[in-house]
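Q: Please take a close look at one part of this model and describe how it is put together. A connected account is preferred to a list.

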Amino acid sequence: MRPLPELTPENTVFWTGGAEGRLMIAFCTDCAHAIHPPQLVCPKCWSEAVEFKAVPGTGTVYTCTVNHQPWMPDMPVPFALAVVDLDGAPGVRVTAEVVNADPDSVAIGQTMKVGFLNIDDVWFPRWEPAQ
Amino acid sequence: MTLNAAITGVGMSDIGRKTNRPAILHLAEAARRALDSAGLTKDDIDGISTYPGKADNSPGMSPLGTGEVRNALGLKTRWHSAVPDGPSQMAPIQVAAMAVATGQARHVLCFRALTESSSQTATRRASIPGAGRARLGGWYSYLVPANAMSASNWAGWMATRYFHEYGMTREHLGLVATGQRAFAQHNPAAVMRTPLTMEDYLGARMISSPLGLFDCDVPIDGACVVIVSAADAAKDCAQAPLTIEAMGAALGSQETWDQRADLTTMGAHDACADLWTRTDLKPADVDVLALYDGFSIFVPYWLEAFGFCGHGEAKDFIAEGNIGPGGRFPVNTGGGQLSGGRLHGFGLLHEACTQLWGQGGGRQVADARVAACGMGGGFIAGSMLIRRD
């Protein structure tokens, strides 16, 4: 069983946007800075006018790795992890669990799209090749 | 520029795998050896410092804080500190140096104790943060729930990007692993001393691509103590004081493993750039290197961060034989954590001091006088230059 994130005032919108199929990213409404992981205060200008906006849910693989080691007894391996540069949120990356792809086929520069896995009150973003 | 602080003694317990020996016995052994090394007694110690403090965020990661050690060893101190959020596992050394330089204490016992080997079981792996807990907070919570649970994953994706941009291959990292194993054969305290060939390295199972088994350091049980003394007090010690020439702790990016704009660099690059602003020494003045090798890929990052070679040049620097036995810039001469065991940087500093005191035996670097030490990986970084005058 994977550990779940604790839902906080900072991150609840991020972790629950998937209920409506949306990837929600925090933005500063004063300076337009995209903030990830989400914060209550803009790290760039210290404004508290932070609001979440839906982004397209697509992105490009900046880097990746294939995990072969089962870190927990019930962990199926191998699987791919990617760090994805998000479309619509300049400078923001997410660590991405990759599904529906041969792990060894995941490569830098590949375009990805998001989907969601619901466990309890959390909607995990998961990523698969866009084509 | 020089701090009015010096390393005067080091001690390491008989480290091992599955020792099933309580952490405090490892610690007491390391402390006795450090006091012997410095020519001090228990009553001379008036400060204590550690990273991160007692913590159970992964099994055996930090069984002892300053409280446990003060109580067990009966220390009366003028100053104590545990630093979980400082510049890497080096933080307790850096704050101890500042404490003695400002007169808060004269001789500080800095320690690191781990029982990660004995604490591992079939369901509890070392260095897996939060495993088994219901909910995670902080930066872990954006990585671990995505199944990016291990630092090998985070280091693995750094390596993938670095390989992609600069043409490094697994053979280059194999030279790091096999070179450090060659050093370890001359270090009776290292946990892995059998010869390691490139064929062994390349044939080992993958952990998180492109990192395989021998790119990962070895969980152990053990403790290491480093005594940091005020410059005037250091003159009374048994060995030549190792003056702390400069330290670096800068960090210009977020505290997490995926957001730094250029993941072919890491916190080390910030910490080293800051260090060089505080000294007239140059990389060419360095004789021996202690570079954090929780994963082999951190070694080329640290080489470039310190400026021993340019960005993207570490693969050639390594292939030219600079860092192994007989090289111009020997790295981790005790075998490092890859072959010596994971003491979270303290073991690397212990070895650098051993070299500067000329006690390296069959692995001694001739007339080593200046050591560069870098601890940490990813956003975690602290750097230091020490010298024997």
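**The open sheet of chain B and its surroundings**

A: In this predicted model, the strand order 3-2-4-8-1-9-12-11-10 describes an open sheet in chain B, which has nine strands and mixed pairing. Its edges are strand 3 (79-82) and strand 10 (288-291) of chain B, each of which pairs on one side only. On average, neighbouring strands of this sheet are turned by 25° against each other, direction ignored.

Within the sheet, strand 4 (residues 107-115) and strand 8 (residues 221-230) of chain B run antiparallel and are joined by nine bridges. One bridge partner can be named: B:Leu109 is matched with B:Ile227 in strand 8 of chain B. Helix 2 (residues 66-73) of chain B packs on the sheet, where it touches strand 2 (47-50), strand 3 and strand 4 of chain B. The direction of helix 2 makes about 140° with that of strand 2 of chain B.

The loop between strand 2 and helix 2 of chain B contains B:Pro52. The peptide bond from B:Tyr51 to B:Pro52 is cis, with omega near -10°. Most peptide bonds are trans.

Elsewhere in chain B, the loop between helix 13 (336-340) and helix 14 holds B:His344. B:His344 has a positive phi of about 50° although it is not a glycine. B:His344 counts as buried because 24 other C-beta atoms lie within 10 Å, the cut-off being 20 or more. Helix 14 (residues 346-356) of chain B follows; eleven of its eleven residues are buried, so this helix is largely enclosed by the rest of the structure. Among them are B:Phe346, B:His350, B:Glu351 and B:Gln355. Just after helix 14 of chain B, B:Gly358 takes a positive phi of about 70°.

Definitions and conventions: Residues are numbered from 1 along each chain as its sequence is written. Chains are lettered from A and ligands numbered from 1 in the order in which they are written. This is a predicted model: local features need pLDDT of at least 70, side-chain atom pairs count only at pLDDT 80 or more; totals for chains, interfaces and linings use all residues. Two strands pair if DSSP finds at least two bridges between them. Helices (H or I, at least four residues) and strands (E, at least two) are DSSP runs, numbered from the N terminus. Axes are lines fitted to C-alpha atoms, for helices over the stretch in contact, and angles run from 0 to 180 degrees between N-to-C directions. Two residues are in contact if their C-beta atoms, placed from the backbone, lie within 7 Å. A residue is buried if 20 or more other C-beta atoms lie within 10 Å of its own, exposed if 12 or fewer, and partly exposed in between; C-beta atoms are placed from the backbone.
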